[in-house]
Amino acid sequence: GYANSLISDQNQRNTLLQTEITKLDVKIKEIQDLEAQKKRLLARMQVIQDLQESRPKVVKVFDSIARVVPEGIHLEKVVRTGNTITFSGTAESNARVSVFMRQLDENPEYGESRLEVIKRTSTSNNAIRQFTVEVNESAAATKGDK
């Protein structure tokens, strides 16, 4: 009888512990769900913050285009793909394209420029050059726009 009493008491304690463990498991699951929700909200907030930071960037890029295009350069097409901007146009000489690239490089809105194509449209000395220049938008300028 004494042993049965001890076993019964131990079973009651085990049942109580099992009940408390079940309650704690439910609370742990709730905490994990809240942490997952917090991560999703933080990711959304980061996307919104990145969009807010990049809003004035487009205006600054267009403003800088007007400032960096030298006389003798005529842009025919400007294409933005991701952070890369491709300028296509005509120039009076190779030197004009060089000046354009130098001004792009010196502008804080852009990274280093790359000449993709330059070709003469005729064999005469005053031939027009068609060119394509690629440049990446400056990431540092985006962070400093606040």
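This report covers a long-range view of one predicted model, from its first helix to its strands and charged pairs.

**Helix 1**

Helix 1 runs over residues 2–68. Its 67 residues should span 99 Å at 1.5 Å a residue, and the end C-alpha atoms lie 97 Å apart, so the two values agree. The helix is not straight throughout: at Ser-54 it bends by about 25°. A proline, Pro-56, follows within four residues of that point.

Several residues of helix 1 are buried. They are Glu-53, Lys-57, Val-61, Ser-64, Ile-65 and Val-68. An α-helix has 3.6 residues a turn, so residues three or four places apart point the same way.

**Salt bridges**

The whole structure holds six salt bridges. Three of them are set out here.

| Pair | Closest N to O distance |
|---|---|
| Lys-29 and Asp-33 | 3.3 Å |
| Arg-80 and Glu-137 | 2.5 Å |
| Arg-96 and Glu-92 | 3.5 Å |

Lys-29 and Asp-33 sit within helix 1. Four residues separate them, about one turn of the helix. Lys-29 has a relative accessible area of 47%, so it is partly exposed. Asp-33 is also partly exposed, because its value is 41%.

Arg-80 pairs with Glu-137 through a salt bridge of 2.5 Å. This pair links distant parts of the chain: Arg-80 belongs to strand 1 and Glu-137 to strand 4, 57 residues apart. Glu-137 counts as buried because its relative accessibility is 10%, and buried means under 20%.

Arg-96 meets Glu-92 side chain to side chain. Arg-96 is partly exposed at 29% relative accessibility. Glu-92 is partly exposed too, with a relative accessible area of 42%.

**Arg-129, a buried charge**

Arg-129 lies in strand 4, which covers residues 129–137. What does this buried residue lack? Arg-129 has no salt bridge. The nearest side chain of opposite charge is Glu-92, and it is 9.2 Å away. A salt bridge needs the nitrogen and the carboxyl oxygen within 4 Å, so 9.2 Å falls outside the cut-off.

Arg-129 does have a polar partner. Its side chain joins that of Asn-94 in a polar contact of 3.4 Å. Beyond its neighbours up to four places away in sequence, Arg-129 touches one run from Gly-89 through Thr-90, Ala-91, Glu-92 and Ser-93 to Asn-94. Ile-118, Lys-119 and Arg-120 are also touched by Arg-129.

**Leu-75 and Ser-88**

Leu-75 is part of strand 1, residues 73–81. Is Leu-75 buried or partly exposed? At 28% relative accessibility, it counts as partly exposed. Leu-75 and Val-58 are 17 residues apart in sequence, and their C-alpha atoms are 18 Å apart in space.

Leaving aside neighbours within four places in sequence, Leu-75 is in contact with Ile-65, Val-69, Phe-87, Ser-88, Gly-89, Phe-100 and Phe-131. Among these, Ile-65 is one of the buried residues of helix 1.

Ser-88 is found in strand 2, residues 84–91. Its relative accessibility is 17%, so Ser-88 counts as buried. Not counting residues up to four places away in sequence, Ser-88 touches Leu-75, Glu-76, Lys-77, Phe-131 and Thr-132. Phe-131 is thus a contact of Ser-88 and of Leu-75.

Technical notes:
Residues numbered from 1 in each chain as written. Predicted model: local features only at pLDDT ≥ 70, side-chain atom pairs only at ≥ 80, totals over all residues. Heavy atoms only, no water. Helix = DSSP H or I, 4+ residues; strand = E, 2+ residues; numbered from the N terminus. Buried < 20%, exposed > 50% of the residue type's maximum accessible area, 1.4 Å probe, protein only. Lys, Arg positive; Asp, Glu negative; His and termini not counted. Polar contact = N/O pair within 3.5 Å; in protein donor to acceptor, adjacent residues only side chain to side chain. Contact = heavy atoms within 4.5 Å. Expected span 1.5 Å × (residues − 1). Bend = angle between axes of the 7 residues up to and from the residue.
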